[in-house]
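Hi,

Here is the structure I promised to send over. Have a look at it first, and then read on for what turned up.

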Amino acid sequence: MQIRYLHTMLRVLDLERSIAFFALLGLRETRRIESEAGRFTLVFMAPEGQEECPVELTYNWDGDTGLPSDSRHFGHLAYEVEDIYATCAHLQANGVTINRPPRDGRMAFVRSPDNASIELLQQGAPRAPAEPWLSMPNTGHW
C-alpha cells in the first residue's frame, strides 16, 4: 500500500489575517480555489521550494460557527527554522505572542489567529541558550 502526504487543513475565521500570519512564518500562497456554489475559499500556503507540503486555509464565506475557540485538539503544525531566535524575534515584532519561548535554543510554540498551535524547531543543533528567551515565561498554553 502506498500513501502520499497532501496537506494539512485549518479552518479560519479571518482569511486575510491568517494569510498574513503564515506569511510571517515564510509561507507563500501557492494556490487558491474559490467556490461560489460551496461558498468557501481554499488558500494553500507552503514554504518556498516545498510546495508539496502546504497548509490549506479553509474560509467559509457565511462564517463557521463550528470552529472551536481552542483548536488544541488539532495538535500542531511544525516548521523547522534556520534561526529560532531570529524567527521568534520577527514574529514578536509583528505582534505574535511567543507562547513557549525557545529557552532551550531548540523549540518554541506560537498560535495562529485561529488558535492553531505552531511548533518552531531549530534546524540542526540547538542554539546556545540566550536572553531574552532564556528567562521569558510561557504565555497561555500551546
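What share of the contacts in the chain with a separation of 6 or more comes from residues 24 or more positions apart? The answer is 57%. Bear in mind that this is a predicted model, so please take everything below as computed from it.

On the overall layout: the chain has 2 helices and 8 strands, and along the sequence they run β-α-β-β-β-β-α-β-β-β. With a radius of gyration of 16 Å, close to the 14 Å from the globule rule for 142 residues, the chain is as compact as a globular protein of that length. Its C-alpha atoms fit a box of roughly 50 × 35 × 30 Å along the principal axes.

Now the inside. Of the 142 residues, 39% are buried. The largest nonpolar core holds 28 residues, and Phe 22, Leu 25, Val 55, Leu 57, Tyr 79, Ile 118 and Leu 120 have the most contacts within it. Both helices, H1 (15-24) and H2 (84-93), give two or more residues to this core, as do several strands, including S4 (55-60), S5 (76-81) and S8 (117-122).

Tyr 79 is a good one to click on. Leaving out residues up to four places away in sequence, Tyr 79 touches Phe 22, Leu 25, Leu 27, Pro 47, Val 55, Ile 118, Glu 119, Leu 120 and Leu 121.

As for the outside, the accessible surface is about 8,000 Å², with 52% belonging to carbon and sulfur atoms. The chain carries 13 positive and 19 negative side chains, and the centres of those two sets are 4 Å apart.

Cheers

Key: Residues numbered from 1 in each chain as written. Predicted model: local features only at pLDDT ≥ 70, side-chain atom pairs only at ≥ 80, totals over all residues. Heavy atoms only, no water. Helix = DSSP H or I, 4+ residues; strand = E, 2+ residues; numbered from the N terminus. Rg over C-alpha atoms; globule rule 2.2 N^0.38 Å. Buried < 20%, exposed > 50% of the residue type's maximum accessible area, 1.4 Å probe, protein only. Contact = heavy atoms within 4.5 Å. Areas by Shrake-Rupley, 256 points an atom, 1.4 Å probe, with all protein chains shown as cover. Lys, Arg positive; Asp, Glu negative; His and termini not counted. Charge placed at Lys NZ, Arg CZ, Asp CG, Glu CD. Core = buried A, V, L, I, M, F, W, Y, C linked by side-chain atoms within 4.5 Å.
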